[in-house]
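Got the viewer open and a selection box ready? Let's walk through this one stop by stop.

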Amino acid sequence: MSDDVQPTVAEVRAAVEAVKAALDRHLEAIENRTGEDDPAVYAAFESLASAAESYDELLYDTYDEVTPFEVPAGDSLPEYTGPEDPEAISVLIRRDYTIVEPARLFAQARRADDGDGAADATVNAAVGVIFGEYEPDEIAQRHKEFGLEEGDSTVWVSAVPEAAEPGEWLDAPFEQADPQLVICRFDVSAVFDDELSVLDPD
């Protein structure tokens, strides 16, 4: 959610009403299921997950509060085949951005630069300065200040056989990512907002 356009109280209220409606539809689908793999139950589950995630995001942006619900990732990953009690985990994060205001990006890079003018050379140079100066989480929180617009993001928490030795995977950090070892994942996407608007067009 943009820092410039904060959700209104009415939007939060609409989101929680969408969750209530999705809960009713989910229960109704379960009560009237026609078999173990009833597509109506699956569709109701997906709608409920989408509505709950949208509400959680609006609640946080407006009141700095969260819900106690954890939305599962659904069937986008294969069945987990890793250990139940792993000795180590690996966290993989992807965040996409569109550079919508290069002037802001260059301005912030110049502030963080050591004064040699490298930040003004190219967008790549400015991005390198920004990500070298700020933690990725801070950039995510302040992305508008850097002329960036958020795209989709995901976090994968995976089991690994044992903790890696220092420098062991630096040459290919994502090469061994195994979807079957993902314990949990958390996705943020405009798709969820679109689904909420379909649930409650008003």
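Start by selecting Ile93, which is partly exposed with a relative accessible area of 44%. Keep in mind as you click around that this is a predicted model. Ile93 sits in strand β1, so colour that strand next: β1 covers residues 88-99.

**Stop 1: the patch around Ile93**

Add Ile89, Val91 and Ile183 to your selection and switch on the surface. Together with Ile93, these residues make a nonpolar surface patch of about 350 Å². Which strand gives the most to the patch? That's β1, with three residues.

**Stop 2: zoom out**

Switch to cartoon for a moment. You should be able to pick out six helices and three strands in the chain. Going along the sequence, the order is α-α-β-α-α-α-β-β-α. The chain has 202 residues, and 27% of them are buried. If you like contact maps, take the contacts with a separation of 6 or more: 72% of them are between residues 24 or more positions apart. With a surface on, you're looking at about 13500 Å² of exposed area, 52% of it supplied by carbon and sulfur atoms.

**Stop 3: Ser158 in β2**

Now select Ser158, in strand β2 (residues 148-160). Buried or exposed? Ser158 is buried, at a relative accessible area of 7%. Show what surrounds this serine, skipping neighbours within four places in sequence: Ser158 is in contact with Ala88, Ile89 and Ser90, and also with Leu181, Val182 and Ile183. Two of those names should ring a bell, as Ile89 and Ile183 are among the residues of the nonpolar patch.

**Stop 4: helix α4 and its two faces**

Select residues 123-133, which is helix α4, and show side chains: Ala126, Val129 and Ile130 are buried. They span an arc of only 95 degrees around the axis, so they lie on the same side of α4. Spin the view to the face turned away from that buried side, and you'll find the exposed residues Asn124 and Gly132. What covers the buried residues of α4? The cover includes α3 (102-112) and α5 (136-141).

**Stop 5: the largest nonpolar core**

Keep Ala126, Val129 and Ile130 selected, and add Leu105, Phe106, Ala109, Ala112, Tyr134, Ile139, Phe146 and Leu148. That gives you the largest nonpolar core, with eleven residues. Two elements, α3 and α4, give two or more residues to this core, and α3 has the largest share, with four. There is also a second, separate core of ten residues; for a taste of that one, select Val12, Ala22, Ala51 and Leu59, which are among its members. As background, nonpolar side chains tend to be buried together in soluble globular proteins.

**Stop 6: Tyr55 in α2**

Next, pick Tyr55 in helix α2 (residues 39-63). Tyr55 counts as buried, with a relative accessible area of 17%, since the cut-off for buried is under 20%. Leave out residues up to four places away in sequence, and Tyr55 touches Val12, Ala15, Val16, Val19 and Thr67. Try the distance tool on Tyr55 and Thr67: they are twelve residues apart in sequence, and their C-alpha atoms are 8.6 Å apart in space.

**Stop 7: salt bridges**

How many salt bridges does the structure hold? Seven. Here are three to look up.

- Arg94 and Asp96: the closest N and O atoms are 2.9 Å apart. Arg94 is exposed, at 53% relative accessible area, while Asp96 is partly exposed, at 30%.
- Arg185 and Asp187: this pair meets at 3.0 Å, N to O, and both residues are buried.
- Arg142 and Glu145: here the closest N and O atoms are 2.8 Å apart. Arg142 is partly exposed, with a relative accessible area of 22%, and Glu145 is partly exposed too, with 32%.

Before you leave Arg142 and Glu145, add Glu138 to the selection. Salt bridges with shared partners join Glu138, Arg142 and Glu145 into one network.

Notes: Residues are numbered from 1 along each chain as its sequence is written. This is a predicted model: local features need pLDDT of at least 70, side-chain atom pairs count only at pLDDT 80 or more; totals for chains, interfaces and linings use all residues. Side-chain values use heavy atoms; hydrogens and water are left out. Buried means under 20% relative accessible area, exposed over 50%, partly exposed in between (1.4 Å probe, protein chains only). The arc is that of the directions from the helix axis to the C-beta atoms. Contact means heavy atoms within 4.5 Å. A salt bridge is a side-chain nitrogen of Lys or Arg within 4 Å of a carboxyl oxygen of Asp or Glu. Patches are made of residues with over 30% relative accessible area and no salt bridge: like charges are joined within 9 Å, nonpolar side chains (Val, Leu, Ile, Met, Phe, Trp, Tyr) within 5 Å. Accessible areas come from the Shrake-Rupley method with a 1.4 Å probe; for residues, only the protein chains shown count as cover. A nonpolar core is a set of buried Ala, Val, Leu, Ile, Met, Phe, Trp, Tyr and Cys residues joined through side-chain atoms within 4.5 Å.
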